[in-house]
Amino acid sequence: MRKILLVTTSISIFALLVLASACSSSNNPASVKTVISGPAGNNLTATIANADGVLRKGQQEFTLTFTDASGMPVDVGSVALNYRMAAMGSMAEMNSGTAFTTTGTPGVYHGKASIDMAGEWKAQITYEGPAGKGSFTLPIIAK
Ligand SMILES: [Cu+2]
C-alpha cells in the first residue's frame with residue numbers, strides 16, 4: 001500500500017515538471033533554433049531564431065534575443081527590425097517591418113513579420129535603452 005502511494009506521488013511530480021517546462025518553452029531561447037546571429041554593438045550579440053531555424057516566405061514569428069559575452073539575455077529597451085530586400089532589376093526595393101512584444105525574459109523579444117518573397121533580405125535592427133543605443137544589420141536568406 002505504501003509503495004503504491006509513493007509511485008503515484010512521483011508520477012504526479014514528474015507530470016508537474018513536464019507541464020512546467022512546456023509552459024516556459026515559448027520564452028526559452030534554448031528551445032528555438034538560430035536563423036542568424038551577429039554582433040549588435042555595445043559588446044552584445046543578437047540572435048534571430050524560430051522553431052526550425054529557417055525564415056520562410058509569408059507571415060513569420062521569431063524571437064530576437066540580445067545576449068552579453070557570457071550568453072545571458074540583456075534588456076536593450078525598445079527594438080525595431082525592418083526586413084529589406086534590395087531592388088532587383090525592375091522590381092523595387094521591398095521593406096517589411098516587425099511587430100515586437102516583450103516576453104517573460106528581458107532581452108528576448110517576440111516578433112511577427114511578413115516576408116513577401118524568398119531570397120536575400122537584410123534584417124536592419126535598431127535598439128535603444130539600458131544597454132545603450134545600436135544599429136546593425138544581419139543577412140537573412142528566406143526560403
Ligand atoms: Cu524581392
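This section describes the fold, strand pairing and core of a predicted model.

The protein chain contains one helix and eight strands. Read from the N terminus, the order of elements is α-β-β-β-β-β-β-β-β. Confidence averages a pLDDT of 87 over the protein chain, and 79% of the residues score at least 70. One segment falls well outside that range of confidence: pLDDT stays under 50 over residues 16-27. For this segment the model has five contacts beyond four places in sequence. Of the 143 residues in the protein chain, 23% are buried. Among contacts with a separation of 6 or more, 52% link residues 24 or more positions apart.

Strand pairing was examined from the N-terminal side. S1 covers residues 33-41 and S2 covers residues 44-50. These two strands pair in the antiparallel sense, over seven bridges. Lys33 stands opposite Asn50 of S2. The two strands form a hairpin, with two residues between them. In its turn, Asn42 has a positive phi of about 55°. S2 also pairs with S3, which spans residues 58-67. Here five bridges join the strands, again in the antiparallel sense. Ala49 has Thr63 in S3 as its bridge partner. S2 is thus joined to S1 and to S3. Five of the seven residues of S2 are buried, leaving the strand mostly covered.

A further set of pairings involves S4, S5 and S6. S4 covers residues 78-85, and S5 covers residues 94-102. The two run antiparallel and are joined by four bridges. Tyr83 stands opposite Ser96 in S5. S5 is in turn joined to S6 by five bridges, also antiparallel. S6 comprises residues 108-115. Across this pair, Ala99 stands opposite Lys112 in S6. S5 and S6 form a hairpin with five residues between them. Gly107 lies in the turn and has a positive phi of about 100°.

The nonpolar core was considered next. In soluble globular proteins, nonpolar side chains tend to be buried together. The largest nonpolar core of the model has 27 residues. Ala46, Ile48, Leu64, Ala123 and Ile140 touch the most other members. Seven strands each supply at least two residues of this core: S1, S2, S3, S4, S6, S7 and S8. S7 runs from 119 to 129, and S8 from 132 to 142.

Ile48 illustrates how the core is connected. Beyond its neighbours within four places in sequence, Ile48 contacts Val35, Ile36, Phe62, Leu64, Ala123 and Leu138. Two of these partners, Leu64 and Ala123, are themselves among the residues that touch the most other core members.

Gly38 was examined as a position in strand S1. Is Gly38 buried, exposed or partly exposed? Gly38 counts as partly exposed because 14 C-beta neighbours lie inside 10 Å, whereas burial requires 20 or more. Not counting residues up to four places away in sequence, Gly38 touches Ala46 and Leu138. Ala46 is one of the core residues with the most contacts to other members. Leu138 is also in contact with Ile48. Gly38 and Pro139 are 101 residues apart in sequence, yet their C-alpha atoms are 9.3 Å apart in space.

Terms used
Residues are numbered from 1 along each chain as its sequence is written. This is a predicted model: local features need pLDDT of at least 70, side-chain atom pairs count only at pLDDT 80 or more; totals for chains, interfaces and linings use all residues. A nonpolar core is a set of buried Ala, Val, Leu, Ile, Met, Phe, Trp, Tyr and Cys residues joined through C-beta atoms within 7 Å. A residue is buried if 20 or more other C-beta atoms lie within 10 Å of its own, exposed if 12 or fewer, and partly exposed in between; C-beta atoms are placed from the backbone. Two residues are in contact if their C-beta atoms, placed from the backbone, lie within 7 Å. pLDDT is the predictor's confidence in each residue, from 0 to 100. Two strands pair if DSSP finds at least two bridges between them.
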